[in-house]
Structure formats: structure tokens, C-alpha cells
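Me: I would like to go through this fold with you, one point at a time. Please keep the answers short.

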Amino acid sequence: MRKALPIGHKDDDMVDAAYNDFKVYYITHIDTYTKPFPGIQDLLAKLHHEGVMLAVASNKFQEGTEHLIKEFFPEIPFVAVLGGRPDFPLKPDPEIVGEVLRKAGIEKEDAVMIGDSDTDMATAANGGIIGIAVNWGYRDMRDIINWGIGPSTGSGTEPWKVVRHYCMSRIHGKGTKPELKVRQWLWRHGYRYRLNVKSVPGKPDIVMRRYRTAIFVNGCFWHGHFVEFSVEKCEAFDGVNLEFREESSQCCKIPQTNREFWVNKIKRNQERDQKNYQVLHDNGWQVIVIWECQLTPKRIEETMLRVELLLNEHFLALHQPKVIPYNVQEMPISIAAEEEEHYEKR
Ligand SMILES: [Zn+2]
């Protein structure tokens, strides 16, 4: 507002007066130049219909925000419509994220922030929630694609389809929380990455090209953390073994019912994992496996510091000047796991 006023008329009183006039004008002319991007109304209706709670977090003044929402989305019962208010910090301050979560009564892990600017993505990151960068705003996608810590809408993809797909998969429980914790930690510590890159074998959860590193965040049960399968010879079958001896670990007990099914399932998953890791390793990628049980509030910091160390070691190895006659020892598949612990009582 100050910028818009002529020189010599920029004092506080004039700014306040002009701003108040502007607000009145804006509200009465709200639909002259403002309208939703095509597809947004459908998107919100669909998300609402599917049970997704919706909220608005804007830096536009509160009254204007409310008017816009009433005008263009009268049918959507938003859990909160928050605009700029006196004494409330604007985005990218995370306060507004906390406010929405409190009003909706949900946890950070169950929320996403959709936005078309770096301010929005910074707000999401500051508030500790996933941000989805979309290109329906006035920003060029290239400027904001690196900001998204959730999936970004690629060029040519209709953004609302991606958003809808992502939100649906979240509410149906496909977005794994452990993976989110890893992403958020990396993001907060300045690391940038891509998600679910199809061209990389095994579709790692997180791909960091700069570090030529693929990160898998594995659920302990499905991927059989600490579960050892050993083969026992069985003479009755001519030396061909059909039985696996399995040992449950503390962090993933194989159920007694249907045991055979689970054993086979987990074993197959482990074999497939190993194959994927091997392919990546053979192509010069570092593979880091993070287990779900290493991401508890108590252990996450230690786990991620190990991951960070592996990243930086690998980065240095990649950029080792050729002239120095120093043998970089090839690392075997790196696992950010701790030494195996034994859980007997002391
Ligand atoms: Zn585990």
C-alpha cells in the first residue's frame, strides 16, 4: 500500500486510510478480477465429498479472504478460513498451520498444504507438514518445483489430479508416516531430493541425485527387519529344502496364525529388496535403508545423523579428485541400521 501512494503522501495515517478504502472497494468488487483457476471448485468439492477436511490459509486480509471463499466456494464447509489479521504473523510463519491443525483436531502427519508459491512451501516446511507445490498460480513451475516436499505436479499434468490422488492415498493410509519423518528431517537440514523416481530401479522412497543415493524407508514387518531365514536340509525331499526356519525379532513378530503365508511373504519381500539394492549398487548408487523402528522420537535424531554422515561420505567419495592416488574402498550396501541388538532381559 505504501508503495502505491504518491511521494509525499506515504505517512502512516495516509497508508491506513488508503488501506481501509481499498478493503471496502475490494470487497464490493471482489469478483471483477478474481476467479478460481479452472478445476479448483471441482477439486474441492470432490475432496470434501471424500471426507477430506479443508481449510484456507491466506495472507490476504481476513475480511477479503472470507468474502472470496463465500463467493466462490459457498458449498464447502471449511474447518477454518484464515487470512491476515492484526497481531497474527503472516506466512511463512508456521502459526497458521498450527491454528488449522488445532481447529481440525488432527496431527501434522495427516495434513498437507497445497500452495503455488515458495512462501506456501516454506510455511509447510516450517509447520512440519507436507507441502504440495502446484503450478496453477502465477509462479513458473521451475521456480517452485524444488520447494515441494510432497509430490509436485509435473508440467503438463493437471495439478488437481495429482493433488486429489495424493490426498486420497493419504486418507487411505498409503502414505507411510516413517517416510514422511525422514523427508521432513532432510528438508529441515537443507537437503533436497526427489520422490518415487520411476527411472531409478526399485523405486526408492527418496532419491538424492546430488549424492547419488537412494533411500528406502522400510516397515519392519513387511521387510522383515532382523528376521533371519535359514535353510534346513531335509533328506526326505532328496536334499531339496522346502522348509524355512524363521526367527521373529523384537520389532516384528510373525503371527502364529497363517504363519507359513507370512513367512513366505516376508521372505519374498526381502529377496526383492536385496535384488533392488544390488542393481542400484552395481550402478554406482549408494543405498541407505532406514527401518521404521529407527524413527521413533527417541531414535530418529541418531538415525538421521548416521544417514547424513553416509550421504556426505558418499558425496566426498564421488568428488574425490582423480589425481590423488587414494583408493576409495567400495562400500557394501550401506545399511543405516545399528548393530544387531539382543533383547534378552538383563
Ligand atoms: Zn525394526
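Me: In what order do the four strands of the open sheet run?
Reply: This is a predicted model: local features need pLDDT of at least 70, side-chain atom pairs count only at pLDDT 80 or more, and totals for chains, interfaces and linings use all residues. Residues are numbered from 1 along each chain as its sequence is written. Strands are DSSP runs (E, at least two residues), numbered from the N terminus, and two of them pair if DSSP finds at least two bridges between them. The pairing is mixed, and the order is 5-6-7-10.

Me: Which are the edge strands?
Reply: An edge strand here pairs on one side only. That holds for strand 5 (194–195) and strand 10.

Me: Which residue of strand 10 stands opposite Ile-215?
Reply: Strand 7 (residues 213–218) pairs with strand 10 in the parallel sense, over six bridges. The residue opposite Ile-215 is Ile-288.

Me: Which strand gives the most to the largest nonpolar core?
Reply: A nonpolar core is a set of buried Ala, Val, Leu, Ile, Met, Phe, Trp, Tyr and Cys residues joined through C-beta atoms within 7 Å. Buried means 20 or more other C-beta atoms within 10 Å of a residue's own, with C-beta atoms placed from the backbone. Of the 47 residues in this core, those touching the most other members include Ile-215 and Ile-288. Five residues come from the top contributor, strand 10.

Me: Where does this core lie, and why?
Reply: The domain bounds come from an automatic or database domain assignment. Domain 1 (34–175) and domain 2 (194–318) both give residues to the core, so it lies between them.

Terms used:
A residue is buried if 20 or more other C-beta atoms lie within 10 Å of its own, exposed if 12 or fewer, and partly exposed in between; C-beta atoms are placed from the backbone.
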